[in-house]
Amino acid sequence: CGLAASAYSFKSGNVYYNITGSSTVEVTTDTQYSEDWTPGTMPDGLAASYSGYVYVPQTVTYGGKTYTVTGVGHCAFIGSSATTIDLPSTITYIGNLALEGCSQLTTLKCRAVTPPTALTSYSVYDWDAVQTIYVPEESIDSYGYTSPWSKYRQLYQALPDYDFIYTSLKFVITSATTAKVIGPAITSPSGSWSIPATANGFTVTEIGNRAFINCSKITAMTISNTVTTIGTYAFYGCSTLATVNLGSGMTRIGPGAFCYCYALKSITLPDNLKTIDSRAFSGSGLTSITIPASVESISEDNPFFACESLTAITVNNSNANYCSSGGVLFNKSMSKLMSFPPTFTGSYEVPSSVTKICDGAFRISKLSYLTLPAGLTSIGSYAISYCPNLVSVNSLAITPPSIYSDSFYSTVDNSNIS
């Protein structure tokens, strides 16, 4: 088609695109190109501006419209400094000289199950620097025996469960600009660790589910301000984790995130935190905790379930959704008792406003006597369970509250309920 004066239609993230149809685009270059060039015929010094890790998403949005990325256009990465190119599963073709002159390109990831069509004999050509080509595991043979992809048969490997490694951490790319940590890249990690704000040019926004599960030798963790979410069981069983510094951007602590972190005696929750999920700190070594004013949602499946050293839960007075009284956690209207510190001894009378005792609220309590209010209507799962010292539970309710089969598990045998 000759020399193109304007090489691309738009840029999204760090990638340039040409619109090829009503709902499709192809990756392109930001320099001049021609589909008719052959090796040795293009002008000297041409170099697309791509560098480092180049991630191409399945879809991009431009002008309020979403397009599917279906191809890599002619000369798309020509002469660039890209070291890794990561192509989505939606790619169906590779244009002429698409990777020509990419002398720093060592890794290519092609997530398409079917090998993309080579538009010319130079589409899959002269990839001398490439050391590894990652493709779906089920497609290794297909790539290895489909021309012209077959010329690189010895380079094919199955796509790993991570996208890249940075500072000894595994990352998965979550968008064109963001990534999440999914775990350490070394066996038996120990000592102090940090979650960076950026990795390979991507902003780190999340610690994934089970990322550090049972990493029992990690002692400290510092999390950057860009991280907003800690996933389910992210630090479960990190038994020697004594220090956690949460960044100011943290908005959610997921289910069981710090479950059984025995050495974790204290933690400061940031002022932007919105959500504390079920059993987030269950079985941890916390001795006290302060809920900031920003928190909007605390799971009714006690986030502080079985924290046997917990002496008090304090809620910022400006919190619109929750409160504390005498170190006990309630919703703002005090109709729900959500968490009772297990270290309290002697007797306790649940406030008359309470209609519900939430799941696990009194689990492993050291109380001897407990009085339930007349207006109580429900007692949650494991709500008053494993209470070894409890000898009497006195309910003032005329109508028995609804209970679960495990509401008094391992408590009812050694106490009187009246």
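Is Tyr409 buried, partly exposed or exposed, and what is its relative accessible area? In this predicted model, Tyr409 has a relative accessible area of 42%. That value makes the residue partly exposed, because the label covers whatever falls between the buried limit of 20% and the exposed limit of 50%.

Tyr409 is also a good place to start looking at ring contacts. A search of the whole structure finds 31 aromatic pairs. In one of them, Tyr382 and Tyr409 meet edge-to-face, with 5.8 Å from centre to centre and 65 degrees between the planes. This pair links distant parts of the chain, 27 residues apart: Tyr382 belongs to the loop between β33 (378–379) and β34 (392–395), while Tyr409 belongs to the loop between β34 and β35 (416–417). Tyr382 is partly exposed, at a relative accessible area of 24%.

Tyr409 has a further ring partner in Tyr386. Here the centres are 5.5 Å apart and the planes stand at 55 degrees, so the pair is tilted. Tyr386 lies in the loop between β33 and β34 and Tyr409 in the loop between β34 and β35, so this contact ties together parts that are 23 residues apart in sequence. With 31% relative accessibility, Tyr386 counts as partly exposed.

Charged side chains come into the picture as well. The charged end of Arg363 sits over the ring of Tyr382, 5.4 Å from the ring centre. Elsewhere, the charged end of Arg279 sits over the ring of Phe305, at 3.9 Å from its centre.

Finally, ring pairs can join into groups: Tyr53, Tyr55, Phe164, Tyr166, Phe171 and Phe202 are linked into a cluster in this way.

Definitions and conventions: Residues are numbered from 1 along each chain as its sequence is written. This is a predicted model: local features need pLDDT of at least 70, side-chain atom pairs count only at pLDDT 80 or more; totals for chains, interfaces and linings use all residues. Side-chain values use heavy atoms; hydrogens and water are left out. Rings of Phe, Tyr and Trp (its six-membered ring) pair if their centres lie within 6.5 Å; planes under 30 degrees apart count as stacked, over 60 as edge-to-face and the rest as tilted. Helices (H or I, at least four residues) and strands (E, at least two) are DSSP runs, numbered from the N terminus. Buried means under 20% relative accessible area, exposed over 50%, partly exposed in between (1.4 Å probe, protein chains only). A charge sits over a ring if NZ of Lys or CZ of Arg is within 6 Å of the ring centre and within 35 degrees of the ring normal.
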